[in-house]
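This report describes selected local features of a single protein model. Please consult the sequence and the structure shown below while reading.

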Amino acid sequence: MSIAALDPPQVEELYRTLEEKVRALRPKEDLSALDRAYRYALSLHEGQKRRSGEPYITHPLRVAHILADMQMDLVCLQTGLLHDVLEDTSARMEDLRERFGEDVARCVDGVTKLSKISFANREDRQAESLRKMLLAMTSDIRVIIVKLADRLHNMRTITALPRERQEAIAQETIDIYAPIAHRLGMGKVRGELEDLAFQTLQPEAAADLMREIDHKRAQYEELLHKLQLQIEEKLQHEDIPAQVQGRVKRAYSVYLKLKRQRITLDQVYDVLAVRIVTDSVKNCYAALGVIHNEWHPIPGRIKDFIAMPRPNLYQSLHTSVIGPDGVTFEVQIRTDEMHRIAEEGIAAHWKYKEGSKGPGGEDQRIAWLRQLVEWQRDMADSGDFLSTLKVDLYSEEVYTFTPRGRVIVLPREATPIDFAYAIHSDVGNTCVGARVNGSIKPLKTTLKNGDVVEILTQANHQPSRDWLAVVKTSRARNKIRHIINTVERAKAVEIGQKSLEKEARRMGVSLGRVSTDDLASVASEYGVGKTEDLYAALGFGKFSARQVLQKVAPDEVENEPPPAPPPPVSRQGPLAPGSQGHGSPLGDGDLTIHVKGADDVLVYRAKCCNPVRGEQIVGYITRGKGVAVHSAQCPNVQKLMYESERKITVEWARTASDPLPVKVIIYTDDRPGILHQLTSILSSESSNIRTLEARADENRTDESAVIDITMDVRDKKQLERVINAFRRIPGVRDIERMQSSS
């Protein structure tokens, strides 16, 4: 059925199709509750339209269709039909409880967005919505399954929204929802979410890649058909029952590989994949033997996820082989049950007819959720929470071992420090060294699959701030932050108290006559809870000792003009006693950006990412240098923003329109004329070239080159136009905007 506007009879037909689909799956179940949920949602959404012009009720109906395809239970289907009524209509929780019961009401509440609550900014809204979702997920996983179905339908119909809104939703999808689907083992949902977000965020790159794949599709499908017949014949000969399917790798997955390895489509060895689904684990390994007997396996590409399942319980044997005419392809081998779990993940496991509301205690897929819920309670800053969530969701697993054989699963590029904290926080805090496979290794060593790690500890040792730059797990990062903050706060309290005493002696003020209540009152004025917090704020340089003395002894301290409201000073370490803590003019700085609430602070664009107008930006206070402004996507931001006191709100000035320098690295074929094509594009955009350097790519054996260009651009849109034009040049393999991680 098309997405064009539907009339009421077509809406009714859409519901009848849903009902038939559910009845086929649950022939003995009473569907009157489903009908009541539909009629109730239909009446509440009456007159409401989607951006596409469709009646709004078509959205919850299509969400329910997605859930029915997942074979979810009636509570889940009712939730899908009702998931927007609390947010977009006059319905109340009490109404839902009374009409549909506690389970449905709780699930609808869990899915409901928080758009009616006023938060300070978009990041806070997103963080609060995700906090609520995670909390609801731990009690009833149907909340996230409905939420994923909701997001999937929104992504399928996203073209009806304004471009800016499309980009925001697609970015959130690829940052949060696709990884959550992956962690829950829902491979089909994750794949479609990623592809749809890719097409929205990078339409030209996606279209170019799809054209290239479509150009070869006939060739691919012919080869896959031959392989399928050949494998079926070989397996039949060995009495191995199996279904064999061939497929072309998903566009976004291919794009990531092209970008990561800077190769062309012809060089991707697993664009083609064959899946073998058999009846038993024994036959999985037997089928692997048949494949390797027929074709040469590629070294290092054999992965056994049956013996060592991923944390989301995904199981399969993976191998890549060199097939006919030197064409490489990937083979995945699994049982029927493994295939169902790989496609549907946690949705395949739910047995609500037995009355279960959530996963059993043994379900590993939910363990990370419970950890996140514990961490988020200690995180007041929304940036910290989103950072922690993204780090945890994006992890790719490495399997390591303790000397006694216990498996410790860590994210890719994890270090012995992460390993130590995974064992116990005390082991992490007192870690001084590590033996990896029997040899002493630095704590920043990257661990690999199969490493045996032994942690060396020392009593009373404390973690180093430098560890934050190398750890990969949220658990390690949060434990290290806690220790550092506790130690630095104690130092700040001591320094703040001494600073106040020193300034009092200089001003001739007797602190002995100042009561505890007076100091507590001043603390309250400055927005801190108690006297100790006041000393800590002084130690961190948030305001000067003179300002405090003016308030507690106004008759003895001469008034001075009040300073401009200062930004919080960096907590890289407390200020020395007597240091000036309030803001002061540091120069003109970058006039294209200013700090909210402080006009006399030096502001400069960070060299690691050079943000351009139109990009989301964050400010980071650096001692003696002013405010460094980073792109929100800069890899350094997550390292720097581990303390919320260092973050400050910055924005692009409305009037300034000076061009800003941006450096890009272009990986190309080494051929004549490519420089002329690149510079012609810049000329047509009236973009000045500041520097240009071209050289052969020494890291590769094929005919390839690297071109560094620093160019002036006015804003993000112009930069995107230039980069998209570069990508269309034949021979351009990849383009990377220079964002240093050092």
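In this predicted model, Thr-457 touches Val-427, Thr-430, Cys-431 and Val-432, leaving aside residues up to four places away in sequence. Thr-457 lies in strand β11, which covers residues 453–457. Its separation from Val-432 is 25 residues in sequence, while the C-alpha to C-alpha distance between the two is 5.3 Å. The relative accessibility of Thr-457 is 48%, so this residue counts as partly exposed; the limit for exposed is over 50%.

A second site concerns strand β15. Of the 6 residues of β15 (residues 626–631), 6 are buried, and the strand is therefore largely enclosed by the rest of the structure. Strand β13 (residues 603–605) runs parallel to β15, and 3 bridges join the two. Within this pairing, Tyr-604 has Ala-628 in β15 as its bridge partner.

The third site is a helix pair. The axes of α2 and α6 come within 11 Å and cross at roughly 150°. Because angles over 145 degrees count as roughly antiparallel, α2 and α6 are roughly antiparallel to each other. The crossing of α2 past α6 is right-handed. The residues that meet are set out by helix below.

| Helix | Helix range | Residues in the contact |
|---|---|---|
| α2 | residues 32–44 | Ala-33, Arg-36, Ala-37, Tyr-40 |
| α6 | residues 93–100 | Asp-95, Leu-96, Arg-99, Phe-100 |

By class, the residues of the contact of α2 with α6 comprise 5 nonpolar, no polar and 3 charged.

Notes:
Residues numbered from 1 in each chain as written. Predicted model: local features only at pLDDT ≥ 70, side-chain atom pairs only at ≥ 80, totals over all residues. Heavy atoms only, no water. Axes fitted to C-alpha atoms, helices over the stretch in contact; angles between N-to-C directions. Helix = DSSP H or I, 4+ residues; strand = E, 2+ residues; numbered from the N terminus. Parallel < 35°, antiparallel > 145°, perpendicular 65-115°, else oblique. Left-handed = near helix turned anticlockwise from the far one by under 90°. Contact = heavy atoms within 4.5 Å. Nonpolar A, V, L, I, M, F, W, Y, C, P; charged D, E, K, R; others polar. Buried < 20%, exposed > 50% of the residue type's maximum accessible area, 1.4 Å probe, protein only. Pairing = 2+ DSSP bridges.
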